[in-house]
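Q: I am new to this structure. Please pick a single part of the chain, look at it closely, and then set it in the context of the whole.

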Amino acid sequence: MTQAGTFDEEMMGRALELAGQAADAGEVPVGAVVVLEGSVIGVGHNRSIGQNDPSAHAEIVALREAGLKLGNYRLPGAILYVTLEPCLMCVGAAIAARMERLVFGAADPKAGCLGGAYDAGGLDFLNHHFAVTSGVRAAQCGELLREFFRERR
């Protein structure tokens, strides 16, 4: 395993911890971490239900925290780790933030927009593109989601 792979797994582990916090709060268990130059600059988990905010996805929460920490809405060079393939809104936010790379765990064939239901990241007309790494700790990320929804059925 490469050093980047080890670091990716470590950061996805942190995102999984955050996803667990979301589940404990009754939210869909998705967690996100923003990293710049090896340091965590933003974290988040889903808060849409608790905050009555449709935009309070884990990625958005983490990107907002990172932007506030840096004093900039653009985060060039940053990497976004998220436990579930992002939706269209979150891919758009990652593009607007000028992320360098996005790493996700579980694929989302119904709403994922980095190859699942749609590939928004690959649209040629967009003014920014980022590298995508998928499947990091995918089994753990997927199991957390399946367990959450199994308990609610």
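Helix 4 and its surroundings

A: Just after helix 4, Arg98 has a positive phi of about 65°. The model is a predicted one, and helix 4, running over 88-96, is the part taken up here.

Five residues in helix 4 are buried: Cys90, Val91, Ala93, Ala94 and Ile95. An α-helix has 3.6 residues a turn, so residues three or four places apart point the same way. In helix 4, Cys90 and Ala94 are both among the buried residues. The cover over the buried residues of this helix includes helix 3, strand 3 and strand 4.

Next comes Met99. Apart from neighbours within four places in sequence, Met99 is in contact with ten residues' worth of names that can be listed: Val34, Leu63, Leu75, Ala78, Ile79, Leu80, Ala94, His128, His129 and Phe130. One of these, Ala94, is a buried residue of helix 4. Two others, Leu63 and Ile79, are contacts of Met99 that fall in helix 3 (58-70) and strand 3 (79-84).

Met99 also belongs to the largest nonpolar core, which has 44 residues. Val33, Val34, Leu75, Met99, Leu102 and Phe130 have the most contacts inside this core. At least two residues of the core come from each of helix 1 (3-24), strand 1 (31-36), strand 2 (39-45), helix 3, strand 3, helix 4, strand 4 (101-106) and helix 5 (138-152).

The chain as a whole has five helices and five strands. Their order along the sequence is α-β-β-α-α-β-α-β-β-α. Of the contacts between residues at least 6 apart in sequence, 57% join residues at least 24 apart. Buried residues account for 50% of the 153 residues. A compact globule with 153 residues would have a radius of gyration near 15 Å, and the chain, at 14 Å, agrees with that. Along the principal axes, the C-alpha atoms fill a box of roughly 40 × 35 × 30 Å.

The accessible surface is about 7600 Å², and carbon and sulfur atoms hold 54% of it. The side chains include 13 positive and 18 negative ones, with the centres of the two sets 3 Å apart.

Positive phi values also occur away from helix 4. Asn52 has a phi near 50°, a positive value in a residue other than glycine. Asn52 sits in the loop between helix 2 and helix 3. With a relative accessible area of 68%, Asn52 is exposed, since the limit for that class is over 50%. Between the C-alpha atoms of Asn52 and Ala22 there are 14 Å in space, and the two residues are 30 apart in sequence.

Gln51 belongs to helix 2 (residues 48-51). Its relative accessibility of 42% makes Gln51 partly exposed. Gln51 and Glu37 are 14 residues apart along the chain, with 31 Å between their C-alpha atoms.

Arg137, which is not a glycine, has a positive phi of about 55°. Arg137 lies in the loop between strand 5 (131-134) and helix 5. Its relative accessible area is 27%, so Arg137 is partly exposed.

Key. Residues are numbered from 1 along each chain as its sequence is written. This is a predicted model: local features need pLDDT of at least 70, side-chain atom pairs count only at pLDDT 80 or more; totals for chains, interfaces and linings use all residues. Side-chain values use heavy atoms; hydrogens and water are left out. Helices (H or I, at least four residues) and strands (E, at least two) are DSSP runs, numbered from the N terminus. The radius of gyration is taken over C-alpha atoms; the globule rule is 2.2 Å times the number of residues to the power 0.38. Buried means under 20% relative accessible area, exposed over 50%, partly exposed in between (1.4 Å probe, protein chains only). Contact means heavy atoms within 4.5 Å. Accessible areas come from the Shrake-Rupley method with a 1.4 Å probe; for residues, only the protein chains shown count as cover. Lys and Arg count as positive and Asp and Glu as negative; His and the chain ends are not counted. The place of a charge is taken as NZ of Lys, CZ of Arg, CG of Asp or CD of Glu. A nonpolar core is a set of buried Ala, Val, Leu, Ile, Met, Phe, Trp, Tyr and Cys residues joined through side-chain atoms within 4.5 Å.
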